[in-house]
Amino acid sequence: MVPLGAAEVTLLSWWRSRSSASRFDYFTRSSFYLTLVALPILPMTSLANDDSVSRTAAVATIVAIVVHAACCMWLVHQGIEHYLGKAPFPRLALTVAAVVTAVVVAGGMAVLPGAPPGGRDGPVDAVTLFVPVLFVTAVSCTLRPRVTAAVVAATGVFLVLTVPLGAAVPMTIALVFFTAVYRTSVWMIGTMWELDRSREVRASLAVAEERLRFARDLHDVVGRNLSVVALKAELAAKLAQRGRDEAVAEMLEVRRIAQESLDELRAVVSGYRTADLTVELAGARSLLTSAGIDCRVIGEPSLPDEAAGALGWAVREGVTNVLRHSEARTCTIALRGTTLTMSNDGATATTIRFGSGLTGLRERVATLGGSVTATPEPPHRFVLTVELP
């Protein structure tokens with residue numbers, strides 16, 4: 001096996017650290033840019049090898065085509081940013097690209113010769129074919145579909161009128177295909193980012209829901225009792241002011257209610273701080289499935305309460321990490337005796353650092369004499385293992 005160089009490892013780590021939406025965004029944009037670089041090579045090669053074109057005209061036209069391709073690439077970038085809501089409508093880029101397109105086409109038609117007698121096409125057709133097509137393809141990332149369709153139709157008419165029919169018709173068909181692919185790909189980029197944001201919102205909502213549940217329990221259990229304590233204390237104070245012996249009984253009642261409230265508060269906090277393994281496993285399967293992650297649970301919990309509670313916390317922390325810090329598509333939770341293993345295929349970094357959640361879990365398990373390990377496995381798996389004695 002050939003070892004990877006430092007640059008390759010860095011690039012691979014950077015790629016794995018990106019989310020699925022970010023990877024799709026980079027890949028799609030790169031394919032767009034490569035197309036904008038590859039298409040102009042055909043007319044440039046044709047002009048360079050055509051003896052009927054003077055060297056000066058060929059060089060000037062090739063430079064113009066390169067500048068035009070750069071403008072189209074700029075327009076594509078700005079159009080995608082606008083579609084994603086990260087930039088305003090690219091009026092400047094659209095105007096510059098349109099003007100450059102018109103200048104290059106007009107200049108090519110004025111400088112380059114047409115088809116020779118008996119020939120199907122000439123050097124000028126290389127410019128009138130590819131330059132408008134490149135521009136309209138870039139426009140498809142910026143304008144609305146209806147406007148883009150009108151521009152495609154107008155360009156098709158222009159090609160039919162200026163280029164031999166045998167070349168104009170296939171190029172018009174290719175133009176329709178390219179614009180459809182570009183526009184669909186831009187829509188898919190936006191959809192991927194929306195899914196990525198919805199996944200983050202889902203995780204945040206899960207945390208907020210748990211906080212609301214705890215707040216509701218505190219309000220229902222403690223709020224009522226504190227209201228009774230306040231009323232009883234006020235009554236005892238008035239009775240004491242009047243010299244009534246019942247004030248003592250009322251204060252004893254206040255003490256009793258306060259003690260009961262304290263016991264109930266401890267029960268609420270204890271319930272919040274403990275985790276039932278069976279409930280956590282069922283919740284993990286349901287939550288991960290709703291997030292689009294295929295979850296498998298292997299083994300049945302049959303442990304003492306203390307050990308089951310610690311492993312329940314491990315499941316809760318592992319699911320939180322999968323939702324927040326990975327791009328997993330599958331997750332497996334295996335329970336074998338007193339060992340719990342959670343593995344997923346969405347590791348986004350080559351080095352694993354213990355955050356507050358994993359650190360708290362390790363401290364909790366350490367009190368029982370157990371251990372927690374979190375390790376990446378090639379190519380992009382992450383494994384959390386909790387072992388109890």
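**Contacts, sheet and helix packing in the predicted model**

Leaving out residues up to four places away in sequence, Leu-335 touches Leu-277, Ile-298, Gly-299, Glu-300, Pro-301, Leu-311 and Leu-340. The model in which these contacts are found is a predicted one. Leu-335 belongs to strand S2, which spans residues 330–336, and it counts as buried because its relative accessible area is 8%, where the limit for a buried residue is under 20%. One of the residues that Leu-335 touches is Glu-300; although Leu-335 and Glu-300 are 35 residues apart along the chain, their C-alpha atoms are separated by 6.7 Å.

For the protein as a whole, the secondary structure comes to 12 helices and five strands. The protein has 389 residues, of which 37% count as buried. Among the contacts with a separation of 6 or more, 68% are accounted for by residues that stand 24 or more positions apart.

The sheet to which S2 belongs is open and consists of five strands in the order S1-S2-S3-S5-S4, and its pairing is mixed. Strand S1 (294–298) and strand S4 stand at the edges, and since each has a single partner strand, one side of each is left without a neighbour in the sheet. On average, and with direction ignored, neighbouring strands of this sheet are turned by 10° against each other.

At one edge of the sheet, S1 and S2 pair over five bridges in the parallel sense, and Val-297 stands opposite Ile-333 in S2. Pairing in the antiparallel sense is found for strand S3 (residues 339–344) and S5, which are linked over six bridges; here the partner of Thr-341 in S5 is Thr-385. Strand S4 (residues 371–377) is likewise antiparallel to S5, to which seven bridges join it, and in this case Ser-371 has Glu-387 in S5 as its bridge partner. The connection from S4 to S5 is a hairpin that passes through three residues. Strand S5 itself, made up of residues 381–387, is mostly covered, with five of its seven residues buried.

A helix also lies against this sheet: H11 (residues 305–325) lies across S2, S3 and S5, and its direction makes an angle of about 10° with S3. Within the residue range of H11, the charged end of Arg-316 sits over the ring of Trp-313, at 4.5 Å from the centre of that ring. A second arrangement of a charge and a ring involves Lys-86, which lies over the face of Trp-193 at 5.1 Å from the ring centre.

Packing between helices is illustrated by H3 (residues 41–48) and H6 (residues 123–139), whose axes are 9 Å apart and meet at an angle of about 170°. With this angle, H3 is roughly antiparallel to H6, because angles over 145 degrees are counted in that class. On the side of H3, the residues that meet the other helix are Leu-42, Pro-43, Ser-46 and Leu-47, while H6 contributes Pro-123, Ala-126, Val-127 and Phe-130.

Thr-155 has its place in helix H7, which covers residues 145–162. With a relative accessible area of 10%, Thr-155 is buried, and when its neighbours within four places in sequence are left aside, it is in contact with Pro-132, Val-136 and Leu-175. Of these partners, Pro-132 and Val-136 fall within the residue range of helix H6.

Two aromatic pairs are present in the structure. In one of them, Phe-32 and Tyr-182 are stacked, with 4.0 Å from centre to centre and 15° between the planes. Phe-32 lies in helix H2 (residues 20–38) and Tyr-182 in helix H8 (residues 165–241), so that this pair ties together parts of the chain that are 150 residues apart in sequence. Both rings belong to residues that are buried: Phe-32 has a relative accessibility of 3%, and for Tyr-182 the relative accessible area is 3%.

Methods
Residues numbered from 1 in each chain as written. Predicted model: local features only at pLDDT ≥ 70, side-chain atom pairs only at ≥ 80, totals over all residues. Heavy atoms only, no water. Phe/Tyr/Trp six-rings, centres within 6.5 Å; stacked < 30°, edge-to-face > 60°. Helix = DSSP H or I, 4+ residues; strand = E, 2+ residues; numbered from the N terminus. Buried < 20%, exposed > 50% of the residue type's maximum accessible area, 1.4 Å probe, protein only. Lys NZ or Arg CZ within 6 Å of the ring centre and 35° of its normal. Pairing = 2+ DSSP bridges. Axes fitted to C-alpha atoms, helices over the stretch in contact; angles between N-to-C directions. Parallel < 35°, antiparallel > 145°, perpendicular 65-115°, else oblique. Contact = heavy atoms within 4.5 Å.
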